[in-house]
Amino acid sequence: MIKYLSSVKFTFYNLVLMILLMGTGVGLSQYFKSSFKMMNEINIMEWIEHSWSNKSMIVIWFALLCLSAGLLFLNALFCTFTKQVQVAIKSRAFQKWLFMVLHCLFIIVLACHGLSLIIGSKQSNSQLFPGDHIIFNNEFMVKVSQVVFQDDINILKADYKTQRGLMTRDNINRKHNYADISLIRHKELLETKKVIMLSPLRYGSVQVTLSDFVLKDGKLGVNLNITKNHLNYFFFVVYALMILTFGLYVFLSYRDIK
Amino acid sequence: MKQDFPFFIFLLTGLLFFLELIFILVKKTKIADKFRIIATMACMSGLAYIIVVTKRLPLFGPFEASFYILFILTLLVKESQKKHSFPDLSAKLSLISSIVILFILALQAGKSMVINPDYYMYDNIWVMLFFNLRLIAAAFLIHAMVLSLTGFYGNSYDQDLLHRSAKKSLLIGTIIYLSSEWSGSIWCLNWFGESWRWNNGFFKSSMVFLLVMLACHLPTKVSRNRFLRTLFACFPGLFVLWIIFFH
């Protein structure tokens, strides 16, 4: 069993299955836009519970995709620890060790993708106006004290398509528009920051992200995504290491690649 | 000027590459080489136009992508010709690359000849890296496709040589592609609070990586089959072309 699970043949057929499932995902995400939007906004277990009754097909597709990814994880794991380790020990060549490390890092990246689905918490699309606050995870309070939009406010009044066309680098300067946001826990101020687009407030594993400015009844506010994920930093470091190892491996074994 | 120039440069580039193909077919290699150089320069002027008008590097969209990819592709093919300098192999490489280049230009022919509308996030380093590296990676994956196809029509020695070169190009393309994805993940984290999201773009991006993985994990039976080996090496390049022109 382990022999088959670690074989290239199994990798090949599982990859074909995964590509087909991803391709199906491309189609499904076009037809069930709201379902996929919800998938990003709430916890995945809640999404499964919610979607099972009315959109069971997407849940089945999702389960198959997870199964295929899980099999890829096992495949890489078994192949690395039953074959590549032995090859590396036997040959003692640095490239062989690099090849093994590359696969180990890939396994970790894949695991991080899977774990990010079940650990951590998020609260998406929270519209807050100056003076508003929101409780996150029954632990943190996110407070907006001021929202400033110095560029042409009429841009925010336009519909989505027009707005997209007007939001040029000449019309919008990210640094001119911000929200003063504070993160509080048990009445203790943890962090406060002028949050601009693409520069969120971070405190440990908590992140308060400004995803958009909103204009409602003439009142200027912000759309916030609040997330807590212990894996983010680790994920990016391992991902970068994987790319560097990959680069080094190709560089060192350039002449030997078959 | 803003509308006419892109169309003019597209026609000129297309015509020059077409003439190159004609001269390759009539075996006037030296003249064909000259046309390739002029066509590359025309491509470069299209690229310069995009950079001057937008004040940034090409990012995405058929028009920007086609000129950028063609420019890098012609340089990569030139480099391959230097490495595989046997006249017969070099001529085959010219022929196949010329056909692939004209195929890319034909895909662009049905699309509008305009550069993408500006967006305020294009000043962000992660956004620029995400889009720009993706196009460079695409050029490498298409280069791998060109090498594989050339190998397919060659003798067994050519096949082996070009298959190895194609694999190298595929691997370098993947490293660049993963760097692009890494930058894109940072962009996503800074914009939405998560490093990746369930959407159309995520599925397509993953498919590119999985297709490369597939080409590098062929079972012995499949990799011994000349047709299948070529087909799997071509898939990543074909798929990025589909993403760029029909996304």
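**Exercise 1. The domain contact in chain A**

How many residues of domain 1 of chain A are in contact with domain 2 of chain A, and how many residues of domain 2 take part? Work on the predicted model, where local features need pLDDT of at least 70, side-chain atom pairs count only at pLDDT 80 or more, and totals for chains, interfaces and linings use all residues. Residues are numbered from 1 along each chain as its sequence is written, chains are lettered from A in the order in which they are written, and side-chain values use heavy atoms, with hydrogens and water left out.

*Solution.*

Step 1. Set the bounds. Domain 1 of chain A spans 2-119 + 233-257, and domain 2 spans 121-228. These bounds come from an automatic or database domain assignment.

Step 2. Count contacts (heavy atoms within 4.5 Å). Seven residues of domain 1 of chain A touch four residues of domain 2 of chain A.

Step 3. Place the centres. Taken over C-alpha atoms, the centres of the two domains of chain A are 33 Å apart.

**Exercise 2. Area and polar links between the domains**

Find the area buried between the domains of chain A, then the residues that lose the most of it in domain 1.

*Solution.*

Step 1. Take the buried area, the accessible area (1.4 Å probe) that two parts lose on being put together, summed over both. The two domains of chain A bury about 330 Å², with 34% of it on carbon and sulfur atoms.

Step 2. Rank the residues. A:Asn40, A:Glu41 and A:Ile119 lose the most area in domain 1 of chain A, together 77% of what that side buries.

Step 3. Count salt bridges (a side-chain nitrogen of Lys or Arg within 4 Å of a carboxyl oxygen of Asp or Glu). The count between the domains of chain A is zero.

**Exercise 3. The interface of chains A and B**

Describe the interface between chain B and chain A by contacts, area and salt bridges.

*Solution.*

Step 1. Count residues. On chain B, 52 residues are in contact with 61 residues of chain A.

Step 2. Add the area. Chain B and chain A bury about 5,300 Å² between them, and 68% of it lies on carbon and sulfur atoms.

Step 3. Look for charge pairs. Three salt bridges link chain B and chain A. One of them joins the side chains of B:Glu194 and A:Lys122, at 2.7 Å from N to O.

Step 4. Assign helices (DSSP runs of H or I, at least four residues, numbered from the N terminus). Helix H6 (156-192) and helix H7 (200-216) of chain B each supply at least two residues of the side that touches chain A. H6(B) gives the largest share, 18 residues.
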